[in-house]
Amino acid sequence: MKNPFFLLSAWVYGKFKPALGKKNDPKVYKALLQLHPMENIEKLYDNFQIRKLTLIFTVMAIGSVSAIGFHLCSQMEGRLAEGAQLIRNEQGAGVYQVTLHAVTENWDREIPFLVKERELTKSEENCLIEKLYHALPETIRNKNIDLDHVTDDLNLVSTMPGYPYHLTWSSSNRERIDAGGKVNRRDIGKEGEKVDLVATIAGGREKTSFIYEVLLLPETLGQEEIFFRALEEEMMETDSEARSQTQILLPNYLMGEAIEWEEVKSDSGIMIFILFLVGSLFIGRGMERDLEKSRKKRSCQLAKDYSGFVSKLRLYLSAGLTVKNAFFRMTADYGKWQEQGVSQGNKERKQWYLLEEMQISCHQLENGVIEEQVYQDFGKRCGEMRYRRLSFLLAVHLKQGNGKLLMLLAKEADDAQEERKNLAKKAGEEAGTKLLLPMMLMLVVVMLLVLLPAYMGFGSI
């Protein structure tokens with residue numbers, strides 16, 4: 001099925017191509033020319049750019065749809081009802097955290113608020129249990145040094161890990177420490193202020209209480225901080241008074257300020273869209289990198305084929321053929337070898353770049369192009385220094401006969417054979433380096449197989 005964005009990309013490219021004029025990307029154009037010398041390069045270049053735009057539009061479309069989907073999902077998860085009501089979960093349904101946006105005429109702030117479960121009635125209460133008195137101070141101090149140096153909120157846990165106990169908290173001064181452990185150090189003197197923290201451990205029908213003396217250190221707050229601390233305290237008091245109700249009425253007026261409430265909803269749609277947008281920008285670069293890899297693969301294949309090419313050319317020239325006839329004969333031979341490879345079970349035809357370049361040279365010779373120019377073009381199209389050197393030898397000694405040329409080709413063939421050996425040696429060294437990591441992993445496995453039984457055997461001695 002054809003990508004639906006292909007037609008859009010073709011239309012966009014056709015619309016903006018006249019504005020670009022003939023300013024093609026020289027790197028991409030050259031790579032396509034080397035990889036597909038027998039095809040229409042202008043058409044290939046246009047098709048490459050259209051495919052690149054198609055991938056970019058596809059990724060951007062997927063990113064846009066994902067961003068819109070996340071945005072709609074986030075808007076449907078609202079907890080704030082009728083402007084100033086939070087719906088409380090029933091017992092066992094769990095607590096949830098909501099971020100509220102309090103707006104007044106002078107200030108606004110986001111307030112994280114934990115909405116607890118609806119508290120059961122006395123008839124619904126579970127059996128109360130005892131509590132470990134000495135284990136609680138280390139837990140409830142939270143980030144504070146100890147309970148004699150309290151500068152941060154307390155961690156008034158309802159359960160202790162490893163103990164199925166239920167704890168409830170209260171304080172001698174709710175304005176300083178509320179039931180949730182929120183600490184208010186407003187207007188505390190230099191000596192600090194002591195507050196009695198009461199922990200009630202419920203166990204069956206009996207209740208046991210322990211009192212901890214907490215010293216709150218002073219803190220200096222601005223008017224804005226005072227307002228929002230008071231607002232949070234008001235919310236906590238409202239929450240405590242309506243523990244058995246299904247709705248929490250948030251305050252609309254405090255300290256002479258009218259408050260408008262908005263729920264802050266987590267919306268990751270914009271971030272997802274940005275991620276997909278950045279990803280789409282890397283697509284074009286990735287396609288160009290793949291094109292460069294194909295070009296390097298072509299150069300490597302031409303380098304491997306050079307030794308055999310020179311040796312075969314020398315053989316035909318030694319047999320009395322001219323360079324032109326040798327090119328025709330070698331092109332026919334290479335074409336037969338390729339067909340034989342396909343007929344012997346290779347379903348995919350291997351792209352033979354040297355054969356393509358020789359076919360182009362044969363077509364030029366058949367069409368009457370000057371033989372010297374054909375050989376020079378052959379070396380330029382191959383792009384490798386070896387082929388450029390060979391094409392120069394063929395062009396220079398074209399009118400001087402095959403005598404001296406055969407001597408030069410013999411030396412060139414020996415050098416090419418030696419260079420082919422070096423390439424094979426280099427490829428073997430690279431393969432050995434790539435196998436180093438798997439070999440190390442295998443060594444680790446073998447060592448484990450040898451050492452683990454010996455280690456386990458020590459226990460039986």
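**Notebook: a look through a predicted model**

I began with the whole protein, where buried residues make up 35% of the 461 residues; buried means under 20% relative accessible area, exposed means over 50% and partly exposed lies in between, with a 1.4 Å probe and protein chains only. The model is predicted, so I note that local features need pLDDT of at least 70 and side-chain atom pairs count only at pLDDT 80 or more, whereas totals for chains, interfaces and linings use all residues. Residues are numbered from 1 along each chain as its sequence is written, and side-chain values use heavy atoms, with hydrogens and water left out.

**Entry 1: overall count**

I looked up the secondary structure and found 12 helices and 11 strands; these are DSSP runs numbered from the N terminus, with at least four residues for a helix (H or I) and at least two for a strand (E). I then turned to contacts, meaning heavy atoms within 4.5 Å. Among contacts between residues at least 6 apart in sequence, 65% join residues at least 24 apart.

**Entry 2: a sheet of three strands**

I followed one open sheet, whose three strands come in the order 4-3-11 with antiparallel pairing; two strands pair if DSSP finds at least two bridges between them. Strand 4 (108-115) and strand 11 (260-263) stand at the edges with a single partner strand each, so one side of each is left without a neighbour in the sheet. From one strand to the next, the twist averages 35°. As background, I wrote down that strands of a sheet pair through backbone hydrogen bonds, either parallel or antiparallel.

I checked the pairings in turn. Strand 3 (residues 96-103) pairs with strand 4 in the antiparallel sense over eight bridges, and a hairpin of four residues joins strand 3 to strand 4. V103 stands opposite D108 in strand 4, while Y96 has V115 of strand 4 as its bridge partner. Strand 3 also pairs with strand 11, again in the antiparallel sense, over four bridges, and there the bridge partner of V103 is E260.

**Entry 3: L114 in strand 4**

I picked out L114, which is found in strand 4, and asked whether L114 counts as buried, partly exposed or exposed. At 38% relative accessibility, L114 counts as partly exposed. Leaving aside neighbours within four places in sequence, L114 is in contact with V95, Y96 and Q97. I also noted that the C-alpha atoms of L114 and T99 are separated by 8.6 Å, although the two residues are 15 residues apart along the chain.

**Entry 4: D239 in helix 5**

I next looked at D239, which is found in helix 5. D239 is buried, with a relative accessible area of 2%. Not counting residues up to four places away in sequence, D239 touches R88, F113, K116 and I248.

**Entry 5: helices 8 and 10**

I compared the reach of helix 8 (residues 353-366) with its expected span, which is 1.5 Å times one less than the number of residues. Helix 8 has 14 residues and reaches 20 Å from its first C-alpha to its last, close to the 20 Å expected. Helix 8 is mostly covered, with 11 of its 14 residues buried; among them are Y353, L354, M358, C362 and L365. G368, which follows helix 8, has a positive phi near 90°.

For helix 10 (residues 385-396), the 12 residues should span 16 Å, and the end C-alpha atoms are 17 Å apart, which agrees. The buried residues in helix 10 include R386, Y387, L390 and L394.

**Entry 6: two loops**

I noted first that most residues other than glycine have a negative phi. N142 has a positive phi of about 60° although N142 is not a glycine, and its place is the loop between helix 4 (136-140) and strand 5 (166-171). At 35% relative accessibility, N142 counts as partly exposed. M255, also a residue other than glycine, has a positive phi near 50° and lies in the loop between strand 9 (253-254) and strand 10 (257-258).

Methods:
Axes fitted to C-alpha atoms, helices over the stretch in contact; angles between N-to-C directions.
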